[in-house]
Number of protein chains: 2
Amino acid sequence: MTDRALIHRLCVIGVGLIGGSLARALRHAGAVDQVVGCGRNADTLQRAEALGVVDHYTTDPAHAVTGADMVVVCVPLGAMRGVFEQIRGHLAPDAVLTDGGSAKASVIEDARAAFGDLPAGFVPGHPIAGTEKSGVEASFSRLYNHRRVILTPVAESAEWAVDRTRRMWEAAGARVTSMSAEHHDDVLAATSHLPHALAFGLVDTLSRWEGEQEIFEYAAGGFRDFTRIASSDPVMWRDICLSNREALARALRRYTEDLQRLTELVERGDGAALEDIFQHAKARRDRFVALLEDKH
Amino acid sequence: MTDRALIHRLCVIGVGLIGGSLARALRHAGAVDQVVGCGRNADTLQRAEALGVVDHYTTDPAHAVTGADMVVVCVPLGAMRGVFEQIRGHLAPDAVLTDGGSAKASVIEDARAAFGDLPAGFVPGHPIAGTEKSGVEASFSRLYNHRRVILTPVAESAEWAVDRTRRMWEAAGARVTSMSAEHHDDVLAATSHLPHALAFGLVDTLSRWEGEQEIFEYAAGGFRDFTRIASSDPVMWRDICLSNREALARALRRYTEDLQRLTELVERGDGAALEDIFQHAKARRDRFVALLEDKH
């Protein structure tokens, strides 16, 4: 261990886009001495080692976390509880345990179910970053640059653990904020889970349209961008929908109601009302993009 | 007039992204001798002249089309009929009259209402290209490169006129196909008008959410791409919704029904059914992108 590195031994469970990019970013920043990768698939881990993303790997989570001062679990939400059960009793007392899950209440529930009493080092987190690609080959060190990470500490989370988690993400280039898990899940349902459901839904709807082949033939760049997120990992998104189902269902119902009103405006040919909605949406979206670009 | 140029005098009515890019592309290809721009706003036309997009301009459509062998009307759909009325009686007998409107049945209806008997040179068309930007400043000569243009000739359209319209778009780099106006409107409702309505609708819905500011604060790249088309020109899209209202309303209703089923799956926590939909959508979307990239 050098005197300087923020993390001595980083253990990444689930070495895909999210976990792999974090390891790369921390290495790049000189913030980690050693990276241990863990997952169910030895081939993937071997590729991660060959790519220099991890130094060692094992398929045994209990073994992987032993001696690690930072453990980051980046598996699909449906696999969280199983991982927590496997590492229970093997974490060092001063280890931080955090994760990259896109829904937070379910991760906390899984941790409670697996650990009973939550470890003081447990700090749930969510890096709001990603692409429609997945897997360690898609990982890159700049993924978190200027991106948001939301931490949702629980009552049991120790201050030192929250602090180290925050410093880790900052070292990876991210801007870190905290909020409650429930609030996180509401916000992400709106900005991420709803759009993903809509995009998957649109491609599915169109693929069952008459003359489907032709429809895609005449689709262009707008459609490509609109549906980019429908190329995301289906298992990961199944799990997100299940894990955040209440907030997502509320968002879907709300959107559907608005869509029915929009459909009525189209049917009635109410140009003034349609123009109002479009003007307002354009202004709001243009402001959002300016905000996003400001961050960079 | 040179011996070579496909078009002697091109008249573009509505010199924005679509009309401006066509003029630039044809100039770049050496397919036009002279470009006359026309619009309601003299300032815009002056900028178009300064940018070298048009050689001359006038705000009078009747004057603009005089002596032109190719007239392309690129105004919002709601302004088509007015333009047709203004140019009636001023077109040369051998002039082609085409347009860039995103809905085709309404353009044909407007032309019938304005002209009575349709000119033999009338060939409705739709270049499937564009960006969320608008205006002549956003125009560029490669906009139509490898893009589709759909022509929807009517019974009155002369073969020479269809042929010259096709050659014009090919000179601009596009691939040209023909179909009926009704079929065009159905296909475009699905691949373009529906996604635009959904994107405008989503931004509008979220902008009226509690804690709206924060919601946009935590939105990321996926959201930016999904809503890119919500930065499109509101007046143009109001007109498209009105002009293709029946096909769009059908598409919206169909999508809404599917969305209600998806919401029920989320509420029920039916992971298998959700994964099926997402897998299928991802496979279809990945195939679409491969197809799109093939064209380039």
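The legends below describe close-up views of a predicted model with chains A and B.

**View 1. The contact between chain B and chain A.** Ninety is the count on either side, since the contact takes 90 residues from chain B and 90 residues from chain A. Together the two chains bury about 8900 Å² between them, and 64% of this area lies on carbon and sulfur atoms. The size of an interface is often given in this way, as the accessible area lost when the parts come together.

**View 2. Charged and polar pairs across the interface.** Between chain B and chain A there are 12 salt bridges, and one of the salt bridges joins Arg228(B) to Asp225(A), with the closest N and O atoms 2.5 Å apart. Across the same interface of chain B and chain A, 34 residue pairs are in polar contact, counting pairs in which both residues have pLDDT 80 or more. On the side of chain B that touches chain A, the elements that give two or more residues are strand 8 (148-151), helix 7 (181-207), helix 8 (212-217), helix 9 (221-226), helix 10 (234-243), helix 11 (245-268) and helix 12 (271-294) of chain B. Helix 11 of chain B gives the largest share of that side, 18 residues. Sorted by class, the side of chain B that touches chain A holds 45 nonpolar, 19 polar and 26 charged residues.

**View 3. Ser102(B) and His193(B).** Ser102(B) sits in the loop between strand 5 (96-99) and helix 5 (105-115) of chain B, while His193(B) belongs to helix 7 of chain B. Ser102(B) counts as buried because its relative accessibility is 11%, and buried means under 20%. His193(B) is buried too, with a relative accessible area of 1%. The side chain of His193(B) reaches the backbone oxygen of Ser102(B) at 3.3 Å. Setting aside neighbours within four places in sequence, Ser102(B) is in contact with residues including Leu77(B), His126(B), His184(B) and Met236(B), and His193(B) is in contact with residues including Trp237(B), Asn244(B) and Leu248(B).

**View 4. Helix 5 of chain B and its cover.** The buried residues in this helix of chain B include Ser106(B), Val107(B), Ile108(B), Asp110(B), Ala111(B), Ala114(B) and Phe115(B). What covers the buried residues of helix 5 includes helix 4 (80-87), strand 5, strand 6 (122-123), helix 7 and helix 10 of chain B. Just after helix 5 of chain B comes Gly116(B), which takes a positive phi of about 75°.

**View 5. The largest nonpolar core.** This core has 127 residues, and those with the most contacts inside it are Ile13(A), Phe84(A), Ile13(B) and Phe84(B). In soluble globular proteins, nonpolar side chains tend to be buried together. Apart from its neighbours within four places in sequence, Ile13(B) is in contact with a set of residues that includes Cys38(B), Pro61(B), Val65(B), Val83(B) and Ile87(B).

**View 6. Ala95(A) in its loop.** Ala95(A) lies between helix 4 (80-87) and strand 5 (96-99) of chain A, in the loop that joins them, and counts as buried at 6% relative accessibility. Not counting residues up to four places away in sequence, Ala95(A) touches Ala68(A), Asp69(A), Gly121(A) and Trp160(A).

**View 7. The two ends of helix 2 of chain A.** Asn41(A) caps the N-terminal end of helix 2 (residues 42-50), with a side-chain oxygen 2.9 Å from the backbone nitrogen of Asp43(A). Helix 2 of chain A is followed by Gly52(A), whose phi is positive, near 80°.

Technical notes. Residues numbered from 1 in each chain as written. Chains lettered and ligands numbered in written order. Predicted model: local features only at pLDDT ≥ 70, side-chain atom pairs only at ≥ 80, totals over all residues. Heavy atoms only, no water. Contact = heavy atoms within 4.5 Å. Buried area = accessible area lost by both parts, 1.4 Å probe. Salt bridge = Lys/Arg side-chain N within 4 Å of Asp/Glu carboxyl O. Polar contact = N/O pair within 3.5 Å; in protein donor to acceptor, adjacent residues only side chain to side chain. Helix = DSSP H or I, 4+ residues; strand = E, 2+ residues; numbered from the N terminus. Nonpolar A, V, L, I, M, F, W, Y, C, P; charged D, E, K, R; others polar. Buried < 20%, exposed > 50% of the residue type's maximum accessible area, 1.4 Å probe, protein only. Core = buried A, V, L, I, M, F, W, Y, C linked by side-chain atoms within 4.5 Å.
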